[in-house]
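Open the model in your viewer and keep the selection tool ready. This tour goes from the whole chain to a pocket, then to a loop.

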Amino acid sequence: MALRRAMAQIVPLVGAAASTTGASRAFGTSGLRASDAQKESIASFMKDFASVKPSTMDDPSTPSDFMRTLKEMPTSIPDKLTLNFYMPHDVEFAGVEVEQVQIPATTGDFGVLPGHVPTVAQMRPGVVAVTKSSSEVHKYFVSSGFAFIHADSTTDIMAVEAVPVDQLNAEVVKKGLADYQAKLSNAKDDYERASAQIGIEVCSAMNHALGNV
């Protein structure tokens with residue numbers, strides 16, 4: 001009975017909080033990181049909640065309680081881009097400052113410089129080129145993955161597989177391309193055909209990375 005009476009008092013508080021735009025956002029998914037106004041609204045709700053809740057009931061949590069603190073947004077565009085380059089089994093770069101990154105997206109290759117507009121891009125088989133300086137460029141062949149460009153000039157690259165381009169064996173790539181082309185010609189069903197087409201796409205991209213058109 002005591003819990004039922006407490007809930008009867010709490011429900012109007014929730015309704016009142018939801019009637020304000022700030023509070024509604026603070027308790028919804030669109031307010032995962034609450035603004036100062038939303039934090040004030042939450043604090044007001046918690047104060048009213050504490051006055052009617054049973055002593056055995058904990059305060060509720062909001063989505064913003066579980067989010068890490070955002071980094072301060074730079075007031076000006078930094079000189080360098082911060083790069084994180086991950087694979088499931090390895091980390092190629094972690095918090096390294098670079099000048100530019102070239103990304104092979106499914107919509108086309110594009111370059112990322114400091115101050116780039118926030119973007120999420122799906123990667124296709126191709127070359128990720130990391131320019132640390134005018135005299136130091138690292139090129140990696142990636143099979144697929146995603147790139148996340150953030151407003152604070154940080155770029156995260158998540159590749160399924162990545163290998164330095166200079167470690168690719170041109171003869172093995174050519175043989176692989178020929179083998180997959182033969183498999184496509186002899187495919188007996190949609191599965192074999194799709195598997196061969198994927199192999200051709202990857203081997204053709206590796207061949208192109210090696211300078212063979």
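How much area does the chain expose, and what share of it do carbon and sulfur atoms supply? The exposed area is about 13300 Å². Carbon and sulfur atoms supply 54% of that area. Keep in mind throughout that this is a predicted model.

**Stop 1: the whole chain**

Select everything and show it as a cartoon. You should find five helices and ten strands. Now colour by burial. The chain has 213 residues, and 31% of them count as buried. Next, turn to contacts with a separation of 6 or more. Of these, 52% are made by residues 24 or more positions apart in the chain.

**Stop 2: the second largest pocket**

Select Q102, P104, D109, R124, P125 and G126. Add V127, A129, K139, A205, H208 and A209. Together these residues line the second largest pocket. Which elements give two or more residues to this lining? They are the strands β3 (100-105) and β6 (126-133), together with the helix α5 (190-209). Show all three as cartoon and keep the lining as sticks.

The pocket has a volume of about 200 Å³. Such space can be found by a simple idea: rolling a probe the size of a water molecule over the atoms shows where emptiness is left. Now colour the lining by class. Six of its residues are nonpolar, three are polar and three are charged.

**Stop 3: D152 in a loop**

Move to the loop between β8 (145-149) and β9 (154-159), and select D152 there. Is D152 buried or exposed? Its relative accessible area is 15%, under the 20% cut-off, so D152 counts as buried.

Show side chains next. The side chain of D152 makes a polar contact with that of T154, at 3.2 Å. Then add S76 to the selection. D152 and S76 are 76 residues apart in sequence. In space, their C-alpha atoms are 9.7 Å apart.

**Stop 4: S153 in the same loop**

Select S153, which also lies in the loop between β8 and β9. Check its backbone. Phi of S153 is near 65 degrees, a positive value in a residue other than glycine. S153 is buried too, with a relative accessible area of 4%.

Which residues does S153 touch, leaving aside those up to four places away in sequence? Select P78, K80, L81 and T82, then P114 and G115. S153 touches each of these. Leave them as sticks around S153 and end the tour there.

Conventions: Residues numbered from 1 in each chain as written. Predicted model: local features only at pLDDT ≥ 70, side-chain atom pairs only at ≥ 80, totals over all residues. Heavy atoms only, no water. Helix = DSSP H or I, 4+ residues; strand = E, 2+ residues; numbered from the N terminus. Buried < 20%, exposed > 50% of the residue type's maximum accessible area, 1.4 Å probe, protein only. Contact = heavy atoms within 4.5 Å. Areas by Shrake-Rupley, 256 points an atom, 1.4 Å probe, with all protein chains shown as cover. 1 Å grid on protein atoms, 1.4 Å probe; cavity = no way out; pocket = protein on both sides within 12 Å on 5 of 7 lines; lining within 4 Å. Points joined across faces, edges and corners; volume = space filled by probe spheres on them. Nonpolar A, V, L, I, M, F, W, Y, C, P; charged D, E, K, R; others polar. Polar contact = N/O pair within 3.5 Å; in protein donor to acceptor, adjacent residues only side chain to side chain.
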